[in-house]
Amino acid sequence: MAWSDLPIDILRCISSYLSIVDLVRLSVVCTLWNLTLTNYALLRFQCRPSPWLLLPNDVGEASDTLTFYDVTIEEEEEVSVGYQRRFSSLSSHIYGRRCFGSKDGWLVTLDKIDLQPQLFNPLTKAELLLPSLFTIPKDHGHIIEPKYAPDGSIRFFCNETSLYFTVGEEGLRDIYFHKIIVSSNDLFRTTVVIYGFTKALALARPGDQTWVIGPQLAPYTLKHNEQFEDVYYHDEDQRFYAITHFSMVVAFDLNGQNVELICPTMQNPCWRNRHFDYMYYIVFLSGSLLKIERAIKIYEEINRTNKVKTTGFIISKSVPVVVGSSYSYPQWVPIKDLGGYSLFVGCNQTFYLHHKVAPGIRPNCIYFADHLSNMLPENVSQDVGLFELRNGQFEYFFDSDSPSNWPPSIWFIPTLSIS
């Protein structure tokens, strides 16, 4: 029997033991295999998931190359070139863009001129365009006026603060927009953006002409300074879950409607200041809702740049509370065991992997990448590493004296998705 005559069922079984890189190599063995593996999603092919870390480069956003660090390569396979996966000649896809998210093999990038988000798969070079963020409705005080001054700056008004701000193109993009989240098993790739100084939500799908306003904090909270911090798409009930830095969680459907309060606002003992930043993430793991709190120390430098370092994590599980015969809202209970899973947090959508499914990653860890409440080039300094929950130990992947990490690193799971 020739290799090209191998039954699809056997080929599917073989692929489940391979990494994405090996699967690509498999696709060039013969024409039939290439055709089969090109349609691997339709044929229910699955390969071993490999978390990659997008690395910075010497020329920042002017690069036409993406370089990833593969953390699943085991020590016995360790060779200097084996850790890195490089994709070049991508100028038309990534030039002048920064990643604001990643999901299911897609990088979510945003340019600084048109503010047009794009879903891009670096393996297949497939692209999906979202409407410009300038089309977010001028509602609830979020008003962006793209008026260009002679010096190239953009002036926009935001009556959240009742002040005018004049910022450059990079400032508008990197200060005003925080994270972009994409649904997974939704055929329309519904997308949520966290934006504005009060971190509001808006939704759109590829092919839409404009964004629509998402759920509002009122009437679920009366705190004037409460903000949405992270959004997670839950496959099972096909809803988005959004968390604030006061631990309030709301769920809503793919149209931003049918909002449900899951967890009420709680007092938050952590306040952002010039010396500390705090980031908040949300994820479902083994059917449980988890909240991840991240503490980041900020070291001010003489040259007006900052060095930052993650110094702590707290993971809490949402546990239902029953008082008598009635149900009350759940409470957050700290945990230190993820059952062999590890979490990946940063600008990407929070995801998890089991160490037996993705050999080479450590169990019960939090893998973290650059993420701050104010993501500007001078504030991002290669704060990347892992935190072991059981012993509270950190391992940082880069030297603390490394240069500014721009565009910021982001976690990414490669796939061969084309739509």
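**Exposure, strand pairing and cores in a predicted model**

Q: Is Met-266 buried, partly exposed or exposed in this predicted model?
A: The relative accessibility of Met-266 is 36%. Buried means under 20% and exposed means over 50%, with partly exposed in between. Met-266 therefore counts as partly exposed.

Q: Where is Met-266 placed?
A: Strand S18 covers 260–263 and strand S19 covers 276–285. Met-266 lies in the loop between S18 and S19.

Q: How far apart in space are Met-266 and Phe-246, C-alpha to C-alpha?
A: In sequence, Met-266 and Phe-246 are 20 residues apart. In space, their C-alpha to C-alpha distance is 5.3 Å.

Q: Why is strand S2 largely enclosed by the rest of the structure?
A: Strand S2 spans residues 66–70, five residues in total. S2 is largely enclosed because the number of its residues that are buried is four of the five.

Q: Which residue in S2 is the bridge partner of Trp-52?
A: Strand S1 (residues 52–55) and S2 run antiparallel and are joined by four bridges. In S2, the partner of Trp-52 is Asp-70.

Q: Which residue in S3 is the bridge partner of Phe-68?
A: S2 is also joined by four bridges to strand S3 (residues 84–87), and these two run antiparallel. In S3, Phe-68 has as its partner Arg-85.

Q: Which strand gives the most to the largest nonpolar core?
A: This core has 48 residues, and those touching the most other members include Leu-66, Phe-68 and Ile-292. With six residues, the strand that gives the most to this core is S19.

How values were computed: Residues are numbered from 1 along each chain as its sequence is written. This is a predicted model: local features need pLDDT of at least 70, side-chain atom pairs count only at pLDDT 80 or more; totals for chains, interfaces and linings use all residues. Side-chain values use heavy atoms; hydrogens and water are left out. Buried means under 20% relative accessible area, exposed over 50%, partly exposed in between (1.4 Å probe, protein chains only). Two strands pair if DSSP finds at least two bridges between them. A nonpolar core is a set of buried Ala, Val, Leu, Ile, Met, Phe, Trp, Tyr and Cys residues joined through side-chain atoms within 4.5 Å.
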